[in-house]
Amino acid sequence: MTTQQSTQAAGVAARQHWMAVLAKASYQDLSSRWQQLKLDPECEIIRQPEIGLAKLQGRVGGKGERFNLGDTTITRAAVRLSDGTLGYGYLRGRAKQHALLSALIDALMQNGEHAPSLHEAVIQPLADKQQAEQAKTAAQAAESKVDFFTVVRGED
């Protein structure tokens, strides 16, 4: 892998990370953090926020045959900054303003000028909050774990 390819791969991974954080964040948290920055970039809405369906698939045991689990609603939007940078917002659910704000933040994160302040004020705090919630859920699940190999059987 060349240096250019590894740099591109790192950029793709970073973008996947911030887009996942934006999609999983609550709109209230995202909006309040955005408003604190007082940014008002000029942009053109390329794709108005629209709601559609996506098919969810699962795998038996995580590795087996695929099966259709069901459908979920998704919302998507796209914007273009004045410098031509495109931003996209995709999220599960029916949240048009959330998708539009996510698309705007995605575009600004690709633009070097606002990326550091956005990462510090929006992306990192939301990622930390999501990680803490995930750790709390994992700890609650671990409390209910039963190890059947250590359960003592009664004598007959």
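Against which helices do the buried residues of helix 2 pack? In this predicted model, they pack against helix 1 (3-24), helix 3 (96-110) and helix 4 (115-143).

## The two sides of helix 2

Helix 2 spans residues 27-37, and Leu-30, Ser-31 and Trp-34 are buried within it. Viewed down the axis of helix 2, its buried residues fall within an arc of 95°, so they line one face of the helix. An α-helix has 3.6 residues a turn, so residues three or four places apart point the same way.

On the other side of helix 2, the exposed residues are Gln-28 and Gln-36. The residue that follows helix 2 is Lys-38, and its phi is positive, near 55°.

## Helix 2 against helix 3

The axes of helix 2 and helix 3 lie 10 Å apart, and the two helices pack at an angle of about 45°. Angles that are neither under 35 degrees, nor over 145, nor from 65 to 115 count as oblique, and helix 2 is therefore oblique to helix 3. Their crossing is left-handed.

From helix 2, the contact involves Tyr-27, Leu-30, Ser-31 and Trp-34. From helix 3, the partners are Gln-97, His-98, Leu-101, Ser-102, Leu-104, Ile-105 and Leu-108. By class, the residues of this contact comprise seven nonpolar, four polar and no charged.

## His-98 in helix 3

His-98 belongs to helix 3. Its relative accessibility is 5%, so His-98 counts as buried, the cut-off for that class being under 20%.

Not counting residues up to four places away in sequence, His-98 touches Leu-22, Ala-23, Ala-25, Ser-26, Tyr-27, Leu-30 and Leu-91. Among these, Tyr-27 and Leu-30 are also listed for helix 2 in its contact with helix 3.

## Helix 2 against helix 4

The axes of helix 2 and helix 4 come within 10 Å and cross at roughly 160°. Angles over 145 degrees count as roughly antiparallel, and helix 2 and helix 4 are therefore roughly antiparallel to each other. The crossing of this pair is right-handed.

Helix 2 contributes Asp-29, Leu-30, Arg-33, Trp-34 and Leu-37 to the contact, while helix 4 contributes Ser-117, Leu-118, Ala-121, Val-122, Pro-125, Leu-126 and Lys-129. The residues of the contact of helix 2 with helix 4 divide into eight nonpolar, one polar and three charged. Leu-30 and Trp-34 of helix 2 take part in this contact and also meet helix 3.

## Helix 3 against helix 4

Helix 3 and helix 4 pack with their axes 8 Å apart, at an angle of about 135°. That angle makes helix 3 oblique to helix 4. The crossing of helix 3 and helix 4 is left-handed.

On the helix 3 side, the contact is made by Ile-105, Leu-108 and Met-109; on the helix 4 side, it is made by Ala-115, Leu-118, His-119, Val-122 and Ile-123. Seven nonpolar, one polar and no charged residues make up the contact of helix 3 with helix 4.

## Ile-123 in helix 4

Ile-123 is placed in helix 4, where it is buried, with a relative accessible area of 0%. Leaving aside neighbours within four places in sequence, Ile-123 is in contact with His-17, Trp-18, Val-21, Leu-22, Ile-105, Met-109 and Leu-118.

Two of these partners, Ile-105 and Met-109, are among the helix 3 residues that make the contact with helix 4. Met-109 and Ile-123 are 14 residues apart along the chain, and their C-alpha atoms are separated by 9.6 Å.

How values were computed
Residues are numbered from 1 along each chain as its sequence is written. This is a predicted model: local features need pLDDT of at least 70, side-chain atom pairs count only at pLDDT 80 or more; totals for chains, interfaces and linings use all residues. Side-chain values use heavy atoms; hydrogens and water are left out. Buried means under 20% relative accessible area, exposed over 50%, partly exposed in between (1.4 Å probe, protein chains only). Helices (H or I, at least four residues) and strands (E, at least two) are DSSP runs, numbered from the N terminus. The arc is that of the directions from the helix axis to the C-beta atoms. Contact means heavy atoms within 4.5 Å. Axes are lines fitted to C-alpha atoms, for helices over the stretch in contact, and angles run from 0 to 180 degrees between N-to-C directions. A crossing is left-handed if the near helix is turned anticlockwise from the far one by less than a right angle, and right-handed if clockwise. Ala, Val, Leu, Ile, Met, Phe, Trp, Tyr, Cys and Pro count as nonpolar, Asp, Glu, Lys and Arg as charged, and the others, Gly among them, as polar.
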